[in-house]
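Open the model in your viewer and set it to cartoon. The tour goes stop by stop, with a selection at each one.

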Amino acid sequence: MDYETIIGLEVHAQLQTRSKMYCRCSADYAAAPPNTHVCPVCLGMPGVLPVINQQAIEYTIMTALALNCTVSDYTRFDRKNYPYPDLMKGYQISQSYVPVGYNGYLTIDINDKKKKVGIDNVHLEEDVARLVHRDRPGGEACSLVDVNRAGVPLMEIVGEPELRSPEEARQYLMELRSILQYLGVSTANMEEGSFRCDANISIRPEGISELSAKVEVKNMNSFRAVYRALEYEVRRQIKAAEEGKKLVQETRGWVEDSGVTVSQRSKEYAQDYRYFPEPDLPPLVISRDWVEEIKEKLPELPEARRQRLVTDYGLSIYDADLLTVSKTTADYFEECLVSPARDLSPREHAKQVANWIIGEFSHLLNVTNTDVADMVEKVSPGALCDLIQLVSRGDISGTGAKQVFEEMFNTGKAAGDIVREKGLSQISDAGELEATVSQVIAENPQALTDFKAGKEQALKFLVGQIMKATRGRANPQLVNQLLREKLEGE
Ligand code: ZN
Ligand code: MN
């Protein structure tokens, strides 16, 4: 029997506001000592009153608009009641009935086809405290509470169960992350926990329309983890169904090291939370003028930018995709285009820049575990353009340029200085190369004979030998030309 996979994602993104959601404490807590960004409101003291953070509402409206949602005329907050040590008040102020935005969609690319994935709603709530589990000196286990994170604005984006594979889920998350980063409303960094995903997943026999028990999977800290956890669940659920086991609605946690999900608890339902309107906050009227104002100043979004890079610079869709996933990378790319290398057309220059970013630069960021956010500090756009200029003028070879780039990346030195220090400048002077060419021919009589016998391979071999002798500095075109002249004259 064939099964269909049904996946719906809920994403929580911390908003980059200066203060917390309902109090004046700084929301920039990541580097702060524990329990220093706290006040009676976010500590959940009795009798205190929350105040709505206007910036958080604005960021949520921006997100709702970018996700093609309808923005509510009127919104309000609700209490979600549950007891847990990381929840100071015993309830979370969230939105259950009238979210800021609803009924939108996000577009993903699957096998070169565009697919619209529904967004049920975008709403606001608050983050909880952080629990740290430690052993006391005697070995006894204990848990510590850091309240700095409690009350940081958390936006939740609830997707419709319209994703049909782990790959679609991955695309959806990548696109959503890009959109939030382009809007500048969240750092949307999964590893740092400012972008968290819970996945609802179920399977059903192909052709059947009702949904079976859905499993909620949590604890995934990277895109790769989401993908692996979903793949694991698909396999697990199909196997259970084929063995005639009944699947139950439950919450499971992903265990990264062993690559499995384990049952945590039976799934709770909305009614378990006893939602009711938050009595300490007034309902909020969102004026149409305000929404229009926000719409006017929305920045360019990833999809539009991708299209523009293709149209304006003649890039392939593939290259444009890679360059626009992160806003930092796309910004960097466009900064490199301000002053193109003199010997190249603007489009040729753009292609060169794209090649460097997608190739060498990404590779080095990867192996050194450097965040794209630090790209500019590693090699400034001006410095990369200088390097491209050196190559296009023939001052250094392509191979030499890679060495220079790596050195630039590691030391921050200018391309020209590295070329001088390392003696990497390309030999483009025929007089300087002739002696080496003659010597290499003399040392390889067999290759000469082979060439005379019409074997073109022999020429390639000799070029290789000359490049080796000049430590890659010889201009390859010139070497080819000189060799041919010499060999044909012998
Ligand atoms: Zn506070
Ligand atoms: Mn939530």
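Is the crossing of H14 and H15 left-handed or right-handed? Keep in mind that this is a predicted model.

**Stop 1: the helix pair**

Select residues 445–452 for helix H14 and residues 457–469 for helix H15. The two pack at an angle of about 145°. Their axes are 8 Å apart. The crossing is left-handed. Now show side chains. From H14, pick Ala-447, Asp-450 and Phe-451. They meet Ala-458, Leu-459, Phe-461 and Leu-462 in H15. By class, this contact holds six nonpolar residues, one charged residue and no polar ones.

**Stop 2: the nine-stranded sheet**

Move to the open sheet of nine strands. Trace it in the order S2-S6-S7-S10-S1-S11-S12-S13-S14. The pairing is mixed. Which strands are at the edges? Select 70–71 for strand S2 and 260–266 for strand S14. Each of these pairs on one side only.

Next, select strand S1 at residues 3–14 and strand S10 at residues 153–159. They are antiparallel partners, with five bridges. For one bridge, pick Val-11 and its partner in S10, Ile-157.

**Stop 3: helices on the sheet**

Add helix H1, residues 54–66. This helix packs on the sheet and touches S2, S6 (101–110), S7 (113–126) and S10. The direction of H1 makes about 165° with that of S7.

Then add helix H2, residues 166–183. H2 lies across S1, S6, S7, S10 and strand S11 (195–205). Against S6, H2 runs at about 115°.

**Stop 4: the three-stranded sheet**

Select 91–94 for strand S5 and 276–277 for strand S15. With S4 they form an open, antiparallel sheet in the order S5-S4-S15. S5 and S15 each have a single partner strand, so one side of each is left without a neighbour in the sheet. Now add S4, residues 78–81. Four bridges join S4 to S5. Pick Asn-81 to find it opposite Tyr-91 in S5.

**Stop 5: the second largest pocket**

Which residues lie nearest the centre of the second largest pocket? Select Arg-177, Ser-326, Asp-371, Val-372 and Ala-373. The full lining has 35 residues, and the pocket volume is about 1300 Å³.

Colour the contributing helices. H2, H6 (317–324), H7 (327–335) and H8 (346–367) each supply at least two lining residues. H8 gives the most, with seven. By class, the lining divides into 14 nonpolar, 14 polar and seven charged residues.

**Stop 6: the cavities**

How many cavities of 30 Å³ or more does a search of the whole structure find? The search finds two.

Begin with the largest cavity, which holds about 60 Å³ of space. Its lining includes Val-41, Cys-42, Asp-86, Leu-87, Met-88 and Lys-89. Also select Glu-126, Asp-127, Val-128, Ala-129, Ala-150 and Gly-151 from that lining. This lining has seven nonpolar, one polar and four charged residues.

Finish at the second largest cavity, with a volume of about 50 Å³. Select Met-21, Tyr-22, Cys-23, Val-41, Cys-42, Lys-89, Glu-126 and Gly-151 to show what lines it. Here the classes are five nonpolar, one polar and two charged. Leave Val-41 selected: this residue lines the largest cavity and also the second largest.

Note on methods:
Residues numbered from 1 in each chain as written. Chains lettered and ligands numbered in written order. Predicted model: local features only at pLDDT ≥ 70, side-chain atom pairs only at ≥ 80, totals over all residues. Heavy atoms only, no water. Pairing = 2+ DSSP bridges. Contact = heavy atoms within 4.5 Å. Axes fitted to C-alpha atoms, helices over the stretch in contact; angles between N-to-C directions. Left-handed = near helix turned anticlockwise from the far one by under 90°. Nonpolar A, V, L, I, M, F, W, Y, C, P; charged D, E, K, R; others polar. 1 Å grid on protein atoms, 1.4 Å probe; cavity = no way out; pocket = protein on both sides within 12 Å on 5 of 7 lines; lining within 4 Å. Points joined across faces, edges and corners; volume = space filled by probe spheres on them.
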